[in-house]
Each structure stands twice: as structure tokens, then as C-alpha cells.
Amino acid sequence: MHEPILNVADPRAGYLALKAEIDQAISEVLRSPSYILGPFVERFEAEMAAYVGMPYGVGVNNGTDAIHLALRGLGIGPGDEVITVSHTAVATVAGVRMAGAEPVLVDVDPGTYTISVEAARGALTPRTKAILAVHLYGHPADLGGLQELCAGTGIHLVEDCAQAHGATFAGRMVGSFGVVSTFSFYPTKNLGAIGDAGMVLTKDEQLAQRIRLLRQYGWETPQHSLIEGWNSRMDPLQAAVLSVKLRHLPAQIERRRALAARYIAALSGLPIELPKEAPSCHHAYHLFVIRVSDERTRDGLREYLRGSAVNAGIHYPFPVHLQTAYAGQMRAGPMAVTEAAAGTVLSLPLYPEMSDADVDRVCSGVVAYFAHRP
Ligand SMILES: Cc1ncc(COP(=O)(O)O)c(C=O)c1O
């Protein structure tokens, strides 16, 4: 008998686990009088803002747009620099470029794979307008260090929370530290839609209002653009589904953490670097990323696992500053940690609907690889 395939994430399992509630929510949207913005989007904006502990939420079309519009809303654009990382989804950097600003890429901390505060400090210039911190894999960046770095400088701290719904730093949700934070609800995320969706959260009412204009042609009233804008409206079908899924998110994050603990217990003692939680941090385990000694070992392990129907992933194989579209296009600091990580990280399957036995199957494969490898 063939084993079922285990992928890094399984959005369909997320739907099937909540099928009755999600079907009901979709049906409510279908029976509503309008299919653009409206009460489903407004409700989810309020729920998500309350969950994170920010006063205002603006639903947009995806997490890349959320970064673009957050920066535009802050008035950041051509001639301005935004410090962020190269070890991230390319979307982080794309969002900065969409605003017309210059990304300045720095290295990550070797323990958490999030922005190195020291590297960010070294990259500051008079043109620096924001630090865009990515809470990669679900682990918070050093928000205390970043807040200190930005304090009194006029530099905005912006949080890219696409991978970190539900992570906390010093007991507070990530996404509530900067003046503005951005979320993606891409289907595989901790809180995932059934298509594209994103959100900007902010403490600043005027900024929220500006981003509301920017997401819909700059319309102050229908058919009249007060400022130049785009179309990045959140789809009410996605909002309705996300309202359902948000109710289950805290339990799902606990499940992710329990599965991560199970992995850690089973894999300790192998020549693997396992995920850790830095002090004051509560990891939301969007991804369970291990690290091995070298690229040959990583690729060999990935191939070996594939033989038992386990599809591990790589986040991320190509640092942004080395990708064809971006190489030589932007200032990038020393990247020793980023470049080493690209060749040695491996993401094992992790999603709340996995069983303990599924995790045990992945672990058996990893243990067997290290026992038998040449
Ligand atoms: C760190 C990070 N930032 C931004 C994004 C962009 O989100 P989206 O795919 O919704 O545009 C993603 C997800 O793909 C991400 O992982």
C-alpha cells in the first residue's frame, strides 16, 4: 500500500476540517446583494485587528500589496530607502519596489533567521525611512532591538507578518509593534484563504484612511479620486472564509506547536540544527525549518524523504540579492548567514491537520537517512 503524500502544507485539509462552517460562510456571501468590499470585509477587518491588538485593519488583495500600500500610505517612495532582508519570500522586496522605494538588504541572525539588528544599524543612512522586519517561518524578529534602533529617529518600523499570524514577542502579538504591519492570507499561511488575500493593520487612523483610499483608485467618494490609487480590494468571499478560520486559529497554532515539539523530541541528537525560540518569543511555527551541514546533505535528505512520499520544501533556495531580477540592482550588505542558509535549510511538513503518526513517519525518514547515508 502506498503511503499518502505529505507536503509542507495542505490547504485542502484546512478546508475539509471546517467544511460545514466554510460552506455556510461562502453561501452567505453568494446570497448577499454585493460582491465587492461590504460587511464581510468590514467584519473580518475588525476581527483581525482585534486579534492582533491594533485599532485599524484594511483588507487588501494580497500580502505583497499590503506592503506596497503600507509604504505608500507612509509617504515612502522614490529616493527613500527601506532596510529589509534577502532571506525572505521575494514578495517582501517586490512590495518595497512597487512603492518606488529602494530596498537595502541585510543579513539575518543565525539563530532566528530574522533581520540582524546590528546589520540593520550598519545600513542606516539619512535616506532610511523604514525598517521592514519579516517574522520569518513564524518566529518573531527582535522587536525590542528594532524598536530601540528606530526610537527617536523618525524611521518607521514596519512588520511583515505574512508568516507569523499568532506569534508573540514579550507576550504581545507580532503585528502590534510597528506603526503599521502587513499580513498575507495566501492559502498555506497560518491563517489562509481559499485564494489571495492580505491586510494592513495600523495604530494610525489617518494612515488607515489613506490606505483605504489607495486600495480603491484613491476614491474619496465613488467615481472621484482624491489621490492616485490602485485596485487592491479584499474579496468578501475570502473575508467570510477567513472570519471562520480566525476563530480556529489559536487552537491551530497550539497544534502546530505541539507537532513542532514532537519533531524536536524525535530529531534531537541527529546532526541537524533544530528550530529554537529566542527569549521572549512564542513561535507560531508557520514552517518547521531544520538546517544540515551542507547542500549535498540537504539535497540528499530531501530526495530520500521523497522516496517515502514526504515532500520537504526549501525556504528559500535563492537569496533575493542573487536572483536575476535583482542582482546588482540594490545595496546589499555582507550575506554570510543568508547565503549559507540558502544551501542548508529544509522545511519539513507542518500543518495543524497532520496526525502525530504523520510526524513520526517524517521523523523515521530523517533518522533512517542519517543512519544509512554513505
Ligand atoms: C514573508 C512574506 N512576505 C510577503 C508575502 C506576500 O504575500 P502574498 O503572496 O499574499 O502576496 C509572503 C507570502 O507569499 C511572505 O511569505
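# A tour from helix to helix

Start by selecting helices H4 and H8: H4 passes H8 in a right-handed crossing. Before you go further, keep in mind that this is a predicted model.

**Stop 1: H4 and H8**

Stay with this pair. H8 covers residues 205–214, and the two helices pack at an angle of about 125°, with their axes 9 Å apart. At that angle, H4 and H8 are therefore oblique to each other. Which residues make the contact? On the H4 side, pick Leu 69, Ala 70, Arg 72 and Gly 73; on the H8 side, pick Leu 207, Arg 210, Ile 211 and Leu 214. Colour them by type and you'll get five nonpolar residues, one polar and two charged.

**Stop 2: H4 and H5**

Keep H4 (residues 63–73) on screen and add H5 (residues 90–98): the angle here is about 40°, and the axes lie 8 Å apart. That angle is why H4 counts as oblique to H5. This crossing is right-handed. To see who touches whom, select Gly 63, Thr 64, Ile 67, His 68 and Leu 71 in H4, then Ala 91, Thr 92, Ala 94, Gly 95, Val 96 and Met 98 in H5. How many residues in the contact of H4 with H5 are charged? There are no charged ones: the contact has six nonpolar and five polar residues.

**Stop 3: around the ligand**

Now show the ligand and what surrounds it. There are 15 residues around the ligand, and Gly 63, Thr 64, Ala 91, Ala 162 and Ser 184 are the closest. Which elements give two or more residues to this shell? They are H4 and H5, the pair you just looked at. Gly 63, Thr 64 and Ala 91 also belong to the contact between those two helices. As for the make-up of the shell, eight of its residues are polar, five are nonpolar and two are charged.

**Stop 4: the seven-stranded sheet**

Hide the side chains and switch to the cartoon view. You're looking for an open sheet of seven strands, in the order E1-E9-E8-E5-E4-E2-E3, with mixed pairing. E1 (56–60) and E3 (102–106) each have a single partner strand, so one side of each has no neighbour in the sheet. Turn the view and follow the twist, which averages 20° from one strand to the next.

A word on what holds such an arrangement together: the strands of a sheet pair through backbone hydrogen bonds, either parallel or antiparallel. For an antiparallel example, select E8 (residues 180–184) and E9 (residues 198–202), which pair over five bridges. Click on Val 180 and look across to E9, where its bridge partner is Thr 202.

Now bring two familiar helices back. H5 packs on this sheet and touches E2 (81–85), E3, E4 (128–134) and E5 (156–160), with a direction that makes about 175° with that of E2. H8 also packs on the sheet, but it touches E1, E8 and E9, and its direction makes about 15° with that of E1.

**Stop 5: the three-stranded sheet**

There is also an open sheet of three strands, in the order E7-E6-E12, with antiparallel pairing. Its edge strands are E7 (172–173) and E12 (281–282), each pairing on one side only. Zoom in on E6 (residues 168–169), which pairs with E12 over two bridges in the antiparallel sense. Select Phe 169 and you'll find Cys 281 of E12 opposite.

**Stop 6: H10 and H12**

Next, select H10 together with H12 (residues 356–372): they pack at about 125°, with axes 10 Å apart. H10 and H12 are therefore oblique to each other. H10 passes H12 in a right-handed crossing. The contact comes from Leu 301, Tyr 304 and Leu 305 of H10, along with Gly 365, Val 366 and Tyr 369 of H12. Five of the residues in this contact are nonpolar, one is polar and none is charged.

**Last stop: two loops**

Finish with some backbone details. Select Tyr 316, in the loop between H10 (295–306) and H11 (336–344). The peptide bond leading into it from His 315 is cis, with omega near 15°. Then jump to Leu 37, in the loop between H2 (19–30) and H3 (39–52). What is the phi of Leu 37? It is near 45°, a positive value in a residue other than glycine.

Key
Residues are numbered from 1 along each chain as its sequence is written. This is a predicted model: local features need pLDDT of at least 70, side-chain atom pairs count only at pLDDT 80 or more; totals for chains, interfaces and linings use all residues. Two strands pair if DSSP finds at least two bridges between them. Helices (H or I, at least four residues) and strands (E, at least two) are DSSP runs, numbered from the N terminus. Axes are lines fitted to C-alpha atoms, for helices over the stretch in contact, and angles run from 0 to 180 degrees between N-to-C directions. Angles under 35 degrees count as roughly parallel, over 145 as roughly antiparallel, 65 to 115 as roughly perpendicular and the rest as oblique. A crossing is left-handed if the near helix is turned anticlockwise from the far one by less than a right angle, and right-handed if clockwise. Two residues are in contact if their C-beta atoms, placed from the backbone, lie within 7 Å. Ala, Val, Leu, Ile, Met, Phe, Trp, Tyr, Cys and Pro count as nonpolar, Asp, Glu, Lys and Arg as charged, and the others, Gly among them, as polar. A residue is near a molecule or strand if its C-beta atom, placed from the backbone, lies within 6 Å of it.
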